[in-house]
Amino acid sequence: MEIKVLGPGCAKCKSTYNAIEKVIRENNLDVKLVKIDDIEQIMNYNIMTTPAVVVDEEVKIKGHVPSESEVRKLLGI
Amino acid sequence: MIQDFADWLVYGLFGMSADTAAGVAVNFFFYDTIKILILLFFISVLMGIINAYFPIERLRKYLVTHKMYGLQYFLASLFGAITPFCSCSSIPLFIGFVKGGIPLGVTFAFLITSPLVNEVAVAMFLGSFGLKVTLVYVISGIILGMVGGFVLGRFKLEPYLTDWVKRIQADSSLQSEEWEKDSTSFLKRFPTIVRDAWKIVKGVLVYILIGIGIGAFMHGFVPEGFFEQYMSKDNWYAVPLSVILAVPMYANAAGIVPVIEVFVAKGIPVGTAIAFMMAVVGLSLPEATLLKKVMTWKLIGIFFGTVAFFIILSGYLFNQIL
């Protein structure tokens, strides 16, 4: 599984990244977590609001910081 | 009520006198801090609710598919005002608009209002200047976006977009994206919204405290009407000067409004103060650097120049009517 956090680097994008990282670490999951802050790449995903979370190339969350339960759902746990 | 609490705390509990400059300053500090924090929290929650349910994709589609004879500038500007996205969401939204084939002028209308009218600015204005000035600020911010966007749209600025944005614009098409239904219920979302609002408050808390601290000091120690001799209404260059001074200043609304409040109380005309505020919040160098991704420097210059021009105009206007 590969998760990408899209965001040009604002506070919300960072907390999204940290929230996902925390769940992955706590559960020892085998997930690749990447942060994308290049706007050209971000726009390839056709989103208009950041932060966004992409799971295996599919946009799952856009425009808000996910709560921990949302993250768990994304990760399938 | 808050004033009673501040009075009780400072004059009662601390035993300071209401007749001394220090007593007045400390009282002002507590009163303003409590009032503004409460306002900021509630406005952030409100904006968070709007943000969570605002149908951005649907609005974009609507703007493209309907011919609106100028109303689209109003909608884009209003949209910029009510969406509390963080500053870095402005660029993805800008591209999203361009991608959808929305004219550049309409996109600019959004881009002007978006930083200008935001939850922090509104809460600070409400707390510091009251409802009337806040309404004037919000409404004129929206009008500024409309007029600025309309004028910029007339300039034919497309050639000054950066190359990759031009490419996007060339093959712009409205993807028939289905409007995703948000399945998360309000009750489930609400705690997240409150948590985010709390984060906003926490994020700007230190600026608010510093701003109110400086404001409180001036409130207690600077004599009434002190600034009037330097920046009166009759002084024609006061408005442009304050706008020009404001552009390189990157203070967020949280830190700057409490200081401005005191400037106004001590004799600076409200119009000049609002123009200054608008320029600080709406035109900032960090924003220019972000925009560099989508615009050439020339276009950023034209954009800032036009907006500054209209801010100066509204400054004069407010000085006349307020």
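Is the crossing of α8(B) and α15(B) left-handed or right-handed? Keep that question in mind; this tour of a predicted model will reach those two helices after a few other stops.

**Stop 1: the confidence colouring**

Start by colouring the model by pLDDT and looking at chain B. The mean pLDDT of chain B is 81, and 90% of its residues reach 70 or more. Now select residues 176–181 of chain B, where the pLDDT is below 50. Beyond near neighbours in sequence, this stretch has four contacts in the model. For the complex, the predictor gives an ipTM of 0.70 and a pTM of 0.77.

**Stop 2: the sheet of chain A**

Next, show chain A as a cartoon and find its open sheet, formed by four strands in the order β2-β1-β3-β4 with mixed pairing. On the edges are β2 (32–36) and β4 (58–62) of chain A, each pairing on one side only. Neighbouring strands of this sheet are turned by 20° against each other on average, direction ignored.

Select residues 2–6 of chain A to light up β1, which pairs with β2(A) in the parallel sense over five bridges. Here you can pick out Val5(A), which stands opposite Lys35(A) in β2(A).

Then move to β3(A) and β4(A), which run antiparallel and are joined by four bridges. In this pair, Val53(A) stands opposite Ile61(A) in β4(A). The two strands form a hairpin with two residues between them. Click on Asp56(A) in the turn: its phi is positive, at about 45°.

Before leaving chain A, select residues 11–26, which make up helix α1. This helix lies across β1, β2 and β3 (52–55) of chain A, and runs at about 160° to β1(A).

**Stop 3: where the chains touch**

Show both chains together. The contact takes 18 residues from chain B and 18 residues from chain A. On the side of chain B that touches chain A, the elements giving two or more residues are α5 (90–99) and α10 (186–221) of chain B. Select α5(B) to see the largest share of that side, five residues. By type, the residues of this side of chain B are ten nonpolar, six polar and two charged.

**Stop 4: α6 and α8 of chain B**

Two packed helices are described by the angle between their axes and the distance between the axes. Select residues 104–116 (α6) and 131–154 (α8) of chain B: the axes come within 7 Å and cross at roughly 150°. That makes α6(B) roughly antiparallel to α8(B). Their crossing is right-handed.

Show side chains at the contact. On α6(B), the residues include Leu104(B), Phe108(B), Ile112(B) and Leu116(B). On α8(B), look for several glycines, among them Gly141(B), Gly145(B), Gly149(B) and Gly153(B). The residues of this contact divide into eleven nonpolar, seven polar and no charged.

**Stop 5: α8 and α15 of chain B**

Keep α8(B) selected and add residues 297–321 of chain B, helix α15. The axes of α8(B) and α15(B) come within 10 Å and cross at roughly 140°. The two helices are therefore oblique to each other. And here is the reply to the opening question: the crossing of α8(B) and α15(B) is right-handed.

To see the contact, select residues of α8(B) including Val136(B), Leu144(B), Val147(B) and Val151(B). They belong to a contact with α15(B) residues, among them Phe303(B), Phe310(B), Ile311(B) and Phe318(B). Ten nonpolar, four polar and no charged residues make up this contact.

Methods. Residues numbered from 1 in each chain as written. Chains lettered and ligands numbered in written order. Predicted model: local features only at pLDDT ≥ 70, side-chain atom pairs only at ≥ 80, totals over all residues. Contact = placed C-beta atoms within 7 Å. Nonpolar A, V, L, I, M, F, W, Y, C, P; charged D, E, K, R; others polar. Axes fitted to C-alpha atoms, helices over the stretch in contact; angles between N-to-C directions. Parallel < 35°, antiparallel > 145°, perpendicular 65-115°, else oblique. Left-handed = near helix turned anticlockwise from the far one by under 90°. pLDDT = per-residue confidence, 0-100. Pairing = 2+ DSSP bridges.
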